Protein chains: 2
Amino acid sequence: MTLDSLHTAGRCGAVSGVLSRIGDKWSVLIVMLLSTGPRRFSELKRAIGGISQRMLTLSLRGLERDGLVKRTVFPTVPPRVDYELTDLGRSLCEPVQAIGTWAFENYAEIERARARYDAG
Amino acid sequence: MTLDSLHTAGRCGAVSGVLSRIGDKWSVLIVMLLSTGPRRFSELKRAIGGISQRMLTLSLRGLERDGLVKRTVFPTVPPRVDYELTDLGRSLCEPVQAIGTWAFENYAEIERARARYDAG
DNA sequence: CCGGATCCCATCAGATACTG
DNA sequence: CAGTATCTGATGGGATCCGG
């Protein structure tokens, strides 16, 4: 994507919008967890560890609204709700993993840069 | 990156940290703009359009602190400050553009999903 | 021209308590 | 089990004024 094309046809807004969706504190973790298969609400909560019930609910609602996650309610007692990625959600995993790889490869250098900056 | 590896060796924290850096409202736009060459402060402000002076300063400071952007001050009158990507910053462009491409290709579908969700 | 300092408001996110 | 409701502190971000 060139700079010119970034500013045409709404690409700029598209990138911004997508990043504000996945750039929040939890969405990427949820998507990565779901990339290995469906999970129940409480499974996600346990697996993420540190997320509040409220934030998990809000994050899942957002992802569902954007068509990245599918929510299935089983009308049993006690209730059971499964979450799984849609095709769209799965297609997002690839570029997100690219970022993840970059992060892993360069995180140490970022830390060093921070230490240098804070020292100077 | 597998789910297991996500939870080992701090990858989880690395991904989260990188995404909270580039996931904010402006950083990606700045990085994309700088990917085509150095820019002055006021050039960035004009090019982005809608960013406040304060947020541009804060964003640039953050990117500089993380070693993604290099800041060069020319001791002239009036003062002139150039910003450019470091090698690290340039290496980030690639995965970010992958996200950008995905965003452009799928933004319409996300919009449709939202409309459907909000209607139902 | 670049940007620091301050004020102020809107939104966010955690904790807690309650419900079908 | 899977949420919702409410309160509260934290954070984000714009506007404005000021200085080198």
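Biologist: Which residues line the largest pocket?

Modeller: In this predicted model, chain A gives A:Glu64, A:Arg65, A:Gly67, A:Val69, A:Lys70, A:Thr86 and A:Leu88, while chain B adds B:Glu109, B:Ala113, B:Arg116 and B:Tyr117.

Biologist: Nice. How much space lies in that pocket?

Modeller: About 160 Å³.

Biologist: And by class, what does the lining of the largest pocket have?

Modeller: There are 5 charged residues, 4 nonpolar and 2 polar.

Biologist: Which helices and strands each supply at least two residues of that lining?

Modeller: From chain A, α5 (53-65) and β2 (69-74); from chain B, α6 (87-119). The largest share is that of α6(B), with 4 residues.

Biologist: Switching topic: what rotation superposes chain A on chain B?

Modeller: A rotation of 180°, with 0.0 Å of shift along the axis and an RMSD of 0.1 Å. That is how a two-fold axis relates two copies. The same surface serves both of them, as 100% of the contact residues of chain A recur in chain B.

Biologist: Which residue of chain A comes closest to the rotation axis?

Modeller: A:Gly23, whose C-alpha is at 2.1 Å.

Biologist: OK, now the core. How many residues has the largest nonpolar one, and which have the most contacts inside it?

Modeller: The largest nonpolar core has 65 residues, and A:Ile30, B:Ile30, B:Leu56 and B:Tyr83 have the most contacts inside it.

Biologist: Take B:Leu56, then. Leaving aside neighbours within four places in sequence, what is B:Leu56 in contact with?

Modeller: With that exclusion, B:Leu56 is in contact with B:Ile30, another of the residues with the most contacts in the core. The other partners are B:Phe41, B:Leu44, B:Lys45, B:Ile48 and B:Ile51.

Terms used. Residues numbered from 1 in each chain as written. Chains lettered and ligands numbered in written order. Predicted model: local features only at pLDDT ≥ 70, side-chain atom pairs only at ≥ 80, totals over all residues. Heavy atoms only, no water. Least-squares fit on C-alpha atoms with pLDDT ≥ 70 in both. Contact = heavy atoms within 4.5 Å. Core = buried A, V, L, I, M, F, W, Y, C linked by side-chain atoms within 4.5 Å. Buried < 20%, exposed > 50% of the residue type's maximum accessible area, 1.4 Å probe, protein only. 1 Å grid on protein atoms, 1.4 Å probe; cavity = no way out; pocket = protein on both sides within 12 Å on 5 of 7 lines; lining within 4 Å. Points joined across faces, edges and corners; volume = space filled by probe spheres on them. Nonpolar A, V, L, I, M, F, W, Y, C, P; charged D, E, K, R; others polar.
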